[in-house]
There are 2 protein chains.
Amino acid sequence: MNPARRCSALLNQLCVSSRGGPTARRPFSPAERSSSAGPRYSGVGGRGVGVKGTCPQGKLSGASIAGAALVCPMGGSSSSSSSSSSSSSRLFGTLSQSLNSSPLAQPDLYAEESPDQDLAEVDPDQLLRECEDVLQRRPARPHRDLVYPSGTAPCHHKHNPSIRIMQWNILAQALGEGKDGFIRCPLEALNWQERKYLILEEILTYRPDILCLQEVDHYYDTFQPIMASLGYHGSFLAKPWSPCLDVEQNNGPDGCALFFRRSRFSLQATAHLRLSAMMLPTNQVAIVQTLHCRVTGQRLCVAVTHLKARSGWERLRSAQGADLLQSLRSITSRGGGQSEAPSAVLPLVVCGDFNAEPSEDVYRRFSSSPLGLDSAYKLLSSDRQTEPAYTTWKIRPSGESCSTLDYIWYTHDALSVDCLLDIPTEEQIGPGRLPSYHYPSDHLSLLCDVSFRDEPHRLM
Amino acid sequence: MNPARRCSALLNQLCVSSRGGPTARRPFSPAERSSSAGPRYSGVGGRGVGVKGTCPQGKLSGASIAGAALVCPMGGSSSSSSSSSSSSSRLFGTLSQSLNSSPLAQPDLYAEESPDQDLAEVDPDQLLRECEDVLQRRPARPHRDLVYPSGTAPCHHKHNPSIRIMQWNILAQALGEGKDGFIRCPLEALNWQERKYLILEEILTYRPDILCLQEVDHYYDTFQPIMASLGYHGSFLAKPWSPCLDVEQNNGPDGCALFFRRSRFSLQATAHLRLSAMMLPTNQVAIVQTLHCRVTGQRLCVAVTHLKARSGWERLRSAQGADLLQSLRSITSRGGGQSEAPSAVLPLVVCGDFNAEPSEDVYRRFSSSPLGLDSAYKLLSSDRQTEPAYTTWKIRPSGESCSTLDYIWYTHDALSVDCLLDIPTEEQIGPGRLPSYHYPSDHLSLLCDVSFRDEPHRLM
DNA sequence: CCTCTCAAG
DNA sequence: CCTTGAGAG
């Protein structure tokens with residue numbers, strides 16, 4: 001590439017610098033739920049510090065779905081097992097090996113038709129420690145604060161505990177290794193046998209109640225069994241045609257996955273959508289589920305999607321967004337499959353990699369839809385109106401690309417955002433950008449706690 | 001191309017339909033200037049109707065730069081010569097032949113250093129009739145109304161006559177024939193020997209005082225001599241590297257051209273700019289000229305530009321726009337080369353093919369710059385806030401593309417828009433879109449009359 | 001289905 | 001300099 005062309009490519013991908021980053025940062029505050037943040041965070045205690053725990057191999061029952069009250073795994077909050085075992089993760093290794101013998105043979109129906117398959121419940125602390133073991137040669141992951149935006153009156157309390165939501169494009173293994181061309185990321189850092197622990201570590205650190213993933217090409221052999229063992233219900237929808245399929249030694253198509261904690265929610269309805277644009281089907285999909293909260297009795301509609309990538313496709317994204325909004329309107333007004341008073345608002349959370357900056361039409365569509373959605377991460381900014389400066393930041397042969405593409409939308413009249421996980425700084429991300437030895441994906445995970453604004457019993 | 005891919009390509013290029021088109025339409029009203037609209041307009045009288053005039057071959061002096069008063073060529077306003085001579089245009093043919101012997105040898109300096117070379121002044125009505133002759137086998141061009149937006153108090157009067165401004169990307173001949181791939185346009189319609197008459201007909205129909213063109217690859221052999229003979233001063237700036245140069249039998253690089261009527265204005269200063277982005281020079285250019293109005297004594301700064309095309313280059317366009325605004329600020333605050341009270345506002349008009357929809361960053365930059373610019377064509381909409389639905393509409397192998405990319409920006413505190421030429425409807429444009437047998441370019445011409453808000457003598 | 005690389009004009 | 005089309009993965 002000649003200098004001029006390279007310059008153009010770089011210019012084309014310049015990072016938006018006009019938006020201010022988040023300013024108000026608070027440390028983790030003691031909430032109902034401890035997030036077990038400690039061992040692998042730089043600045044809070046690196047790996048190998050505070051060695052205390054041992055590494056039991058038995059399967060522990062960490063959470064129960066029998067009781068209605070939210071049970072949060074809180075054991076060993078600031079302890080770490082670290083160097084007790086270095087070579088491989090025994091528990092996780094056993095789990096994966098036992099379950100990946102028929103990776104593609106396990107239909108989603110199986111998971112959805114066996115609502116009480118919590119026979120092999122695993123202790124998440126245990127599993128997190130195993131991740132730390134496997135990853136001990138990796139650099140410590142930078143710490144991310146949970147930020148409680150100022151001026152919000154928290155709605156959560158013991159009868160209305162907040163719901164933790166995570167949104168993350170985890171980077172399809174086939175794409176990361178095979179064709180995405182992250183030239184500044186060592187191939188070694190993309191090796192699946194380690195990267196999967198990095199992803200799992202992130203999930204286990206924050207233990208969301210609802211987990212929305214994109215670019216999942218290891219659902220049946222990895223995430224479904226592991227998440228099921230941790231007490232989650234999972235659902236997966238592959239893209240009709242995935243670019244992963246062009247990579248040699250691929251693991252099947254990538255797609256969206258939606259998990260929820262079965263101790264907190266029960267499933268009322270699922271819709272697997274193929275997004276359309278101008279009446280024609282596209283290659284993008286969405287999962288929409290209506291959940292019933294076992295604690296409050298409230299219902300909640302959750303959706304996950306991954307829109308068409310790249311510039312030049314703004315109109316298609318906008319049409320796909322319109323189609324999704326239309327489906328969501330239909331689902332939430334139907335009352336999630338229940339025949340009920342149509343006036344009852346069904347609160348909605350939509351997580352996704354929209355592949356669109358906030359300036360794009362599809363963002364405007366979501367902001368201004370009759371569903372009354374707002375984007376949670378705006379609350380991280382000092383003016384509470386500005387999206388983060390980036391949710392993905394990568395270096396490709398064509399140049400550096402720093403942009404805000406991922407969002408958590410929520411019904412602002414029905415839900416309140418209690419806190420958000422902050423965005424790593426440029427320094428924390430490092431000069432090679434994403435992915436890297438400490439960030440397994442080219443996208444950052446987004447996470448927030450929301451709670452119902454209205455207590456259902458007060459409305460009755 | 002398989003159906004699915006074709007569908008995606010089409011979706012990608014969908015026409016924005018949310019913006020309302022212009023609603024208020026008025027017929028041409030008798031102004032100071034007759035635009036000679038008549039013969040070749042469908043719906044107003046087709047070609048061959050109302051044959052009256054003869055076709056004198058001598059060179060007539062239509063306008064004089066000696067007197068300060070605006071002299072508008074008005075002879076034979078609704079007459080047409082039509083079928084008096086069918087094969088070729090004598091006057092125009094003579095002109096072109098005499099002047100295109102050394103097409104590339106004529107430097108711009110020549111035109112700019114000989115301010116009184118009006119020896120060969122040509123009657124525009126005469127020339128228009130010759131165009132009509134050559135084009136008589138072409139379908140009649142659809143009529144376009146001059147629209148006087150409601151609610152505007154016109155500022156023009158006999159001591160402050162309005163200034164007619166035309167903005168047009170005329171489509172480089174080398175690109176239209178060679179590589180732009182307008183698959184629905186017959187190659188025959190793109191033949192330069194006829195297309196140049198179609199372009200000239202459009203210019204002669206409206207007779208702007210200021211003419212801003214992009215994609216001019218026939219400046220020295222065609223537009224410079226013809227426009228000079230009509231009493232215009234011209235300036236041309238080629239792109240540093242033009243894609244025309246890759247076409248066999250090209251006529252040199254394309255670039256921007258700026259013409260002004262010498263009876264109305266004199267030239268005070270010219271800047272030929274190569275646009276930069278992030279301190280680095282790009283392949284895009286602009287011409288900026290400071291003019292002195294012979295009627296009102298007011299000065300006016302005029303700029304023409306053509307920004308980087310295609311999606312994926314939004315950031316580069318924005319940077320180029322920022323660079324142009326910076327240069328314009330410097331030029332207008334310097335007072336156009338004159339040392340004067342810096343508080344005096346130098347009114348500004350910026351015409352260009354910005355290759356950017358109104359939703360793009362570069363549009364926002366221009367709207368909100370400290371120069372106080374507004375986009376003239378918004379006044380065509382009923383809410384006076386909305387750009388036209390399209391200024392270009394073409395069908396390429398990759399799909400149909402209908403978008404608003406061209407703008408006339410003006411200093412809203414110093415200038416008032418009296419009227420605008422409306423935008424042809426979808427039906428007028430026809431199913432093959434642009435270009436076509438009646439539209440020589442893939443872009444529509446934009447035209448408006450502006451006048452100074454303040455009489456200069458009232459300020460003194 | 002999609003995207004990158006390459007070569008041609 | 002920049003775009004387009006072919007071909008690979």
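Which backbone nitrogen does a side-chain oxygen of N191(B) reach at the start of α6(B)? In this predicted model, the partner is the backbone nitrogen of Q193(B), and the oxygen comes to within 3.0 Å of it.

**Helix α6(B)**

Helix α6 of chain B covers residues 192-206. With 15 residues at 1.5 Å a residue, α6(B) should span 21 Å, and its end C-alpha atoms are in fact 21 Å apart, so the two values agree. Of the 15 residues of α6(B), 13 are buried, that is, under 20% relative accessible area; the helix is therefore largely enclosed by the rest of the structure. R207(B) follows α6(B) and has a positive phi, near 50°.

**The sheet of chain B**

Chain B has an open sheet of 6 strands with mixed pairing, in the order β8-β9-β10-β11-β15-β12. The edges are formed by β8 and β12 of chain B; each has a single partner strand, so one side of each has no neighbour in the sheet. From one strand to the next, the twist averages 20°. Helix α8 of chain B, residues 314-333, packs on this sheet and touches β8, β9, β10, β11 and β12 of chain B. The direction of α8(B) makes about 145° with that of β8(B).

Residue ranges of the strands touched by α8(B) include these:

| Strand | Residues |
|---|---|
| β8(B) | 265-277 |
| β9(B) | 280-293 |
| β10(B) | 299-306 |
| β11(B) | 348-353 |
| β12(B) | 373-375 |

Within the sheet, β11(B) pairs with β15(B), residues 406-411, in the antiparallel sense over 5 bridges. G352(B) stands opposite Y407(B) in β15(B).

How values were computed. Residues numbered from 1 in each chain as written. Chains lettered and ligands numbered in written order. Predicted model: local features only at pLDDT ≥ 70, side-chain atom pairs only at ≥ 80, totals over all residues. Heavy atoms only, no water. Pairing = 2+ DSSP bridges. Helix = DSSP H or I, 4+ residues; strand = E, 2+ residues; numbered from the N terminus. Axes fitted to C-alpha atoms, helices over the stretch in contact; angles between N-to-C directions. Contact = heavy atoms within 4.5 Å. Expected span 1.5 Å × (residues − 1). Buried < 20%, exposed > 50% of the residue type's maximum accessible area, 1.4 Å probe, protein only. Polar contact = N/O pair within 3.5 Å; in protein donor to acceptor, adjacent residues only side chain to side chain.
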